[in-house]
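Here's a quick tour of a few spots worth a look in this structure. Keep the viewer open and follow along.

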Amino acid sequence: LGVIADVQFADAEDGHDFSGCRRRYYRHSLRLLREAVRAWAAESPPVDCVLQLGDSIDGLNARRGEAERALQQVLEALGRLPVPVHHAWGNHEFYNFSRARLVRSGLCSRPAGDSAGPPDGHCEAYHCSLAAGFRLVVLDTYDLSTLGRDPDCPRHRESLRLLREKNPNEDPNSSAGLKEPQFVQFNGGFSQAQLDWFDEVLKFADENQEKVIVMGHVPIHPGASDGIALAWNYEAALSVIHSHRCVVCVIAGHMHDGAYCLDCHGVHHLTLEGVIETPPHSNAFGTIHVYEDKMILKGRGRIADRVMHF
């Protein structure tokens, strides 16, 4: 499995994050993605698929009127691999596009058919078999969010109410003074419908003695986060995972420094370093090799090698 997160490409000069402290290499990020694709293509045996963990293009593109062009360049780079790419949607996707547009884009990797994802039609989570005994679940970590949805839709109203209840700050992206600092606008969460569906998928995996890897843009464990870059109702998602035996690893992006923890139930939580803040002389991607009793991450550049036993 090829893994990469937070490319955040824009055809722009280098800039900084919202704090003004961290350098972002907007134009070079596409070159680093192309390097990753070339490396995956040269692997033997070849990778079976790529997990693209969200924020493929930067919100800067929307302000410049370049969102469609930037997305096309990223998809063209990934399209050089003759294998499936599974996409998570991040906050920067929603800074550029509505959900309706993303569903019609190359970033929609959900298989056709109602059986792949939640039945309510408002969520882009899905699951699929990667190999015998090994299943992938892609979570929609912005199912509850004020980003990307029509302001008149019920889920947007529910998300706005929750955000205002938890975060009274004038700037909804500020966590200052919050008891639950994950309740900022650039994060999101899970509807009860998605959680119920997730529970059923893991029940199926348990019954069929499958191992499951879960991916989504926003981390769901505080130990694999800075405490802010964390799904709103992460505890609910963890409760579902911990009520089953099948999940071996949860992979996320969103927090550009990366993080890792092994939780008390033996589940690995891996947050990948972001390409966007990776200097041009380095990189940030990896390949995960899956075995009967472990996964081995072979990282490039900022991403360290790691062995994760089941």
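**Helix α8 and what it leans on**

The buried residues of α8 pack against α7 (192–207), β9 (247–252) and β11 (268–271). Bear in mind that this is a predicted model. Below are two helices, then two polar side chains that sit out of reach of solvent: D206 is buried, and T278 counts as buried too.

**Two helices with a buried side**

- Helix α8 runs over residues 234–242, and its buried residues are Y234, A237, L238, V240 and I241. They sit on the same side of α8, because they cover an arc of only 155° around the axis.
- The general rule behind this kind of pattern is that an α-helix has 3.6 residues a turn, so residues three or four places apart point the same way.
- Over in helix α3, the buried set is A67, A70, L71, Q73, V74, A77 and L78. Look down the axis of α3 and these buried residues fall within an arc of 160°, so they line one face of the helix.
- Among the elements covering that buried set of α3 are α1 (28–42), β4 (50–52), α2 (60–64), β5 (85–87) and α4 (91–96).
- As for its length, α3 (residues 67–78) has 12 residues and reaches 17 Å from first C-alpha to last, close to the 16 Å expected at 1.5 Å a residue.

**D206: a buried acid without a salt bridge**

- You'll find D206 in helix α7, which is one of the elements that the buried residues of α8 pack against.
- What is the nearest side chain of opposite charge to D206? That's R245, 4.4 Å away, and buried D206 has no salt bridge. The cut-off for a salt bridge is 4 Å, so this pair doesn't make the list.
- The backbone is another story: the backbone nitrogen of R245 lies 3.2 Å from a polar atom of the D206 side chain. The backbone nitrogen of C246 also lies 3.2 Å from a polar atom of that side chain.
- Setting aside residues up to four places away in sequence, D206 touches H244, R245 and C246.

**T278: a buried loop residue**

- T278 is in the loop between β11 and β12 (284–290).
- Why does T278 count as buried? Its relative accessibility is 0%, and the cut-off for buried is under 20%.
- The T278 side chain makes a polar contact with the side chain of R302, at 3.0 Å.
- Apart from neighbours within four places in sequence, T278 is in contact with Y25, L32, N283, A284 and R302.

Definitions and conventions:
Residues are numbered from 1 along each chain as its sequence is written. This is a predicted model: local features need pLDDT of at least 70, side-chain atom pairs count only at pLDDT 80 or more; totals for chains, interfaces and linings use all residues. Side-chain values use heavy atoms; hydrogens and water are left out. Buried means under 20% relative accessible area, exposed over 50%, partly exposed in between (1.4 Å probe, protein chains only). Helices (H or I, at least four residues) and strands (E, at least two) are DSSP runs, numbered from the N terminus. The arc is that of the directions from the helix axis to the C-beta atoms. Contact means heavy atoms within 4.5 Å. Lys and Arg count as positive and Asp and Glu as negative; His and the chain ends are not counted. A polar contact is a pair of N or O atoms within 3.5 Å; within protein, one must be able to donate a hydrogen and the other to accept it, and residues adjacent in sequence count only if both atoms are side-chain atoms. The expected span of a helix is 1.5 Å times one less than its number of residues.
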